[in-house]
Amino acid sequence: MSKQIELSTLERQRSELLRAITTIYPMIPGSYNEVNRKCGKSNCWCKSSELGHPFKRITWKERGVSCTKVVGDDDVEWVVEATGNYRKFRSMIASLEQIEFRLHEVLRELAAEVIEKTRGEKQL
């Protein structure tokens with residue numbers, strides 16, 4: 001494949017990916033999960049249980065510190081969608097970086113070819 005065709009293909013892929021990235025909504029970092037925990041009340045059934053009360057939460061890191069927030073039943077669907085979108089966003093960014101890396105490689109290769117061709121025309 002010629003360098004110009006590869007450059008056009010990479011640029012088209014890059015544009016399509018940027019368009020897709022900018023339409024992702026809603027998006028929040030973190031992961032949603034359901035866990036069990038004991039409440040700490042001395043007269044609660046969970047004190048003698050191995051599992052404890054089930055609860056839904058989202059966890060994320062902020063400035064290097066792990067954060068957790070309980071998610072209400074009404075918000076579960078939204079949190080799952082938003083965290084999934086964030087994972088999709090990160091994956092698309094990684095793909096964009098690969099395309100841009102290859103784009104730079106092709107440009108360097110093209111420059112080397114043009115320089116070589118130019119040197120062949122004139123002996124400097």
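Which helix lies across E1 and E2, and at about what angle to E1 does it run? The helix is H2, and its direction is at about 130° to E1. Colleagues, I shall take that arrangement as my starting point; please bear in mind throughout that this is a predicted model.

Let me begin with the sheet. It is an open one, built from three strands in the order E1-E2-E3, with antiparallel pairing. Its edges are formed by strand E1, residues 31-37, and strand E3, residues 65-70, each of which pairs on one side only. On average, neighbouring strands here are turned by 40° against each other, direction ignored.

In general terms, the strands of a sheet pair through backbone hydrogen bonds, in either a parallel or an antiparallel manner. In the present case, E1 and strand E2, residues 53-62, run antiparallel and are joined by seven bridges. Two positions illustrate the register. Ser-31 has Thr-59 in E2 as its bridge partner, and Tyr-32 stands opposite Ile-58, also in E2.

On the other side of the sheet order, E2 pairs with E3 over six bridges, again in the antiparallel sense. There, Glu-62 stands opposite Val-65 of E3. The hairpin of E2 and E3 has two residues between the strands, and within this hairpin Arg-63 takes a positive phi near 55°.

I turn now to the nonpolar cores. As a general remark, nonpolar side chains in soluble globular proteins tend to be buried together. The largest nonpolar core of this model has eleven residues, including Leu-7, Leu-17, Ile-24, Met-92, Ile-99 and Leu-110. Helix H1, spanning 3-21, and helix H2, spanning 76-121, each supply at least two residues of this core. The greatest contribution comes from H2, with six residues.

Val-106 is a member of that core. Leaving aside residues up to four places away in sequence, Val-106 touches Lys-3, Glu-6, Leu-7 and Leu-10. Apart from this core lies another, of five residues, among them Ile-58, Val-71, Val-76 and Val-79. Ile-58 has already been mentioned as the residue opposite Tyr-32.

Next, a single position on H2. Is Glu-81 of this helix buried or exposed? Neither term applies strictly: Glu-81 is partly exposed, because its relative accessible area is 40%, which falls between the limits of 20% and 50%. Glu-81 belongs to helix H2, and its contacts beyond four places in sequence are with Tyr-25 and Pro-26. Glu-81 and Ile-28 are 53 residues apart in sequence, while their C-alpha atoms are 9.1 Å apart in space.

Finally, the cysteines. How many disulfides does a search of the whole structure find? The result is zero. Why is Cys-44 not bonded to Cys-46? The sulfur of Cys-44 has its closest cysteine sulfur in Cys-46, at 3.6 Å, and a disulfide requires the pair to be within 2.5 Å, so the separation is too far for a bond. For Cys-46, the closest cysteine sulfur is that of Cys-39, at 3.6 Å, which is likewise too far for a bond. Both Cys-44 and Cys-46 are buried, because their relative accessible areas, 17% for Cys-44 and 1% for Cys-46, are under 20%.

To close, I return to the opening question: H2 lies across E1 and E2, and H2 also gives the most to the largest nonpolar core.

How values were computed:
Residues are numbered from 1 along each chain as its sequence is written. This is a predicted model: local features need pLDDT of at least 70, side-chain atom pairs count only at pLDDT 80 or more; totals for chains, interfaces and linings use all residues. Side-chain values use heavy atoms; hydrogens and water are left out. Buried means under 20% relative accessible area, exposed over 50%, partly exposed in between (1.4 Å probe, protein chains only). A nonpolar core is a set of buried Ala, Val, Leu, Ile, Met, Phe, Trp, Tyr and Cys residues joined through side-chain atoms within 4.5 Å. Helices (H or I, at least four residues) and strands (E, at least two) are DSSP runs, numbered from the N terminus. Contact means heavy atoms within 4.5 Å. Two strands pair if DSSP finds at least two bridges between them. Axes are lines fitted to C-alpha atoms, for helices over the stretch in contact, and angles run from 0 to 180 degrees between N-to-C directions.
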